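Student: Hey, can you walk me through this one? I'm new to it.

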Amino acid sequence: MRVLVATTKQQGKRSNDFSFTNDGELVRYGFDCDGEDVDGVCGCKRSLIGFDSHKGTTTFCIAEMDINLEQVTKLIEKSLKASGFISPSDPEEENKEFIAEIVLETLSLWKSFDQFPIGLVLERRGVYFSPRIEKSGLCPICGEKIHLSGRTKDNRYIGSCQDAFTLEQWIA
Ligand SMILES: [Zn+2]
Ligand SMILES: [Zn+2]
């Protein structure tokens with residue numbers, strides 16, 4: 001299934017970027033503070049949390065992983081236990097509900113990127129996500145060193161060489 005994993009690629013594009021996660025680990029929403037700004041000191045509204053590190057990253061990318069619902073549920077349970085959000089002494093029914101809630105939230109987050117290319121780096125701005133791509137590089141059509149100069153009506157990119165290409169081609 002389509003998942004999001006931590007990456008340090010495109011880090012530093014914003015001055016308040018951070019990445020305390022392990023490269024390649026699965027990421028999900030953390031628990032955002034109330035009243036926190038996207039660019040606030042905490043950083044919870046511009047980051048996602050690693051399953052294993054329990055830490056945040058402001059950059060993550062789209063990946064395809066051979067993993068099923070049962071495995072995702074197990075990993076989330078393990079992650080919530082290890083980070084202390086659930087404890088064996090809590091009522092089992094409550095824990096199950098909480099895990100199911102986080103699984104649902106995580107799967108719907110990942111699924112929202114089904115139509116985007118694998119390898120695309122993303123940033124989070126509160127409830128919005130957007131791609132972080134290089135503005136200059138080698139044209140996938142002519143091979144010249146170019147910068148992006150616009151978009152076509154069908155949402156492809158136009159290079160300074162006047163070639164048009166898709167996002168997939170640009171990040172390949
Ligand atoms: Zn916070
Ligand atoms: Zn070109």
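Tutor: Sure, let's start with the basics.
This is a predicted model, where local features need pLDDT of at least 70, side-chain atom pairs count only at pLDDT 80 or more, and totals for chains, interfaces and linings use all residues. Residues are numbered from 1 along each chain as its sequence is written.

Student: Cool. How many helices and strands are there in the protein?

Tutor: You'll find 3 helices and 11 strands; helices (H or I, at least four residues) and strands (E, at least two) are DSSP runs, numbered from the N terminus.

Student: And in what order do the elements run?

Tutor: From the N terminus on, it goes β-β-β-β-β-α-α-β-β-β-β-β-β-α.

Student: Which strand does E1 pair with, and in what sense?

Tutor: E1 pairs with E5 (residues 60-64), antiparallel, over 5 bridges; two strands count as paired if DSSP finds at least two bridges between them. Val5, for instance, has Cys61 in E5 as its bridge partner.

Student: Why is E1 largely enclosed?

Tutor: Because 4 of the 5 residues of E1 (residues 2-6) are buried, the rest of the structure largely encloses the strand. A residue is buried if 20 or more other C-beta atoms lie within 10 Å of its own, exposed if 12 or fewer, and partly exposed in between, with C-beta atoms placed from the backbone.

Student: What percentage of the protein's residues count as buried?

Tutor: 23% of the 172 residues.

Student: Switching topic: which domains is the protein divided into?

Tutor: Domain 1 covers 2-131 and domain 2 covers 136-171, with bounds from an automatic or database domain assignment. Their centres, taken over C-alpha atoms, are 31 Å apart.

Note on methods:
Chains are lettered from A and ligands numbered from 1 in the order in which they are written.
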